[in-house]
Amino acid sequence: TSLSEATASLFVVLLERITDSELPGIIREPVSFADHVSNAAKVIHTLENELLREDLSYISAQQVVNGSFHAVASLIDLFVVLYDIFGGSNELANGGHDNTHVSTAVRASSSR
């Protein structure tokens, strides 16, 4: 496993830790490049459609797994904001959040 491929697994672990729940459909022992891309896509999809409800089309799963600085940095920015807002608690999983701070961070990340 290359460092780039491990990046997708790191984001899976971070998201599951922050939300205190397992992401459905994650390949728990990814072997191929496609497995890692699939996992990264599920992280992005969850952020975009379930947690942030913001357009994250500027972050591609393939770019994340390829180690694109922009894609990885954008995800890191989003995770820092999520952690700052929710402190690693399970508030995200329970829907107890205010999207105002997250929306501002998403817009800032996408403008890079």
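Here are three short exercises on a predicted model of one protein chain.

**Exercise 1: the overall layout**

Work out which elements the protein chain is built from, and what share of its residues is buried.

*Solution.* Start by counting elements: the chain has 5 helices and 0 strands. Reading from the N terminus, that gives α-α-α-α-α. Next, burial: of the 112 residues, 41% are buried. Now look at the contacts with a separation of 6 or more: 59% of them join residues 24 or more positions apart. Finish with the surface, where the chain exposes about 5,900 Å² and carbon and sulfur atoms supply 53% of that.

**Exercise 2: Asp35**

Find out whether Asp35 has or lacks a salt bridge, and which residues it touches beyond its sequence neighbours.

*Solution.* First, place it: Asp35 sits in helix 2, which covers residues 33–51. Then check for a partner: the nearest side chain of opposite charge belongs to Lys42, 8.5 Å away. A salt bridge needs the nitrogen and carboxyl oxygen within 4 Å, so Asp35, though buried, goes without one. Last, set aside neighbours within four places in sequence, and Asp35 is in contact with Ile27 and Pro30.

**Exercise 3: Thr19**

Is Thr19 buried or exposed, and what does its side chain reach?

*Solution.* Thr19 belongs to helix 1, residues 3–19. Its relative accessible area is 6%; buried means under 20%, so Thr19 counts as buried. Now follow the side chain of Thr19: one link goes to the backbone oxygen of Leu15 at 2.8 Å. There's also a polar contact with the side chain of Ser21, at 3.2 Å.

Terms used
Residues numbered from 1 in each chain as written. Predicted model: local features only at pLDDT ≥ 70, side-chain atom pairs only at ≥ 80, totals over all residues. Heavy atoms only, no water. Helix = DSSP H or I, 4+ residues; strand = E, 2+ residues; numbered from the N terminus. Buried < 20%, exposed > 50% of the residue type's maximum accessible area, 1.4 Å probe, protein only. Contact = heavy atoms within 4.5 Å. Areas by Shrake-Rupley, 256 points an atom, 1.4 Å probe, with all protein chains shown as cover. Lys, Arg positive; Asp, Glu negative; His and termini not counted. Polar contact = N/O pair within 3.5 Å; in protein donor to acceptor, adjacent residues only side chain to side chain.
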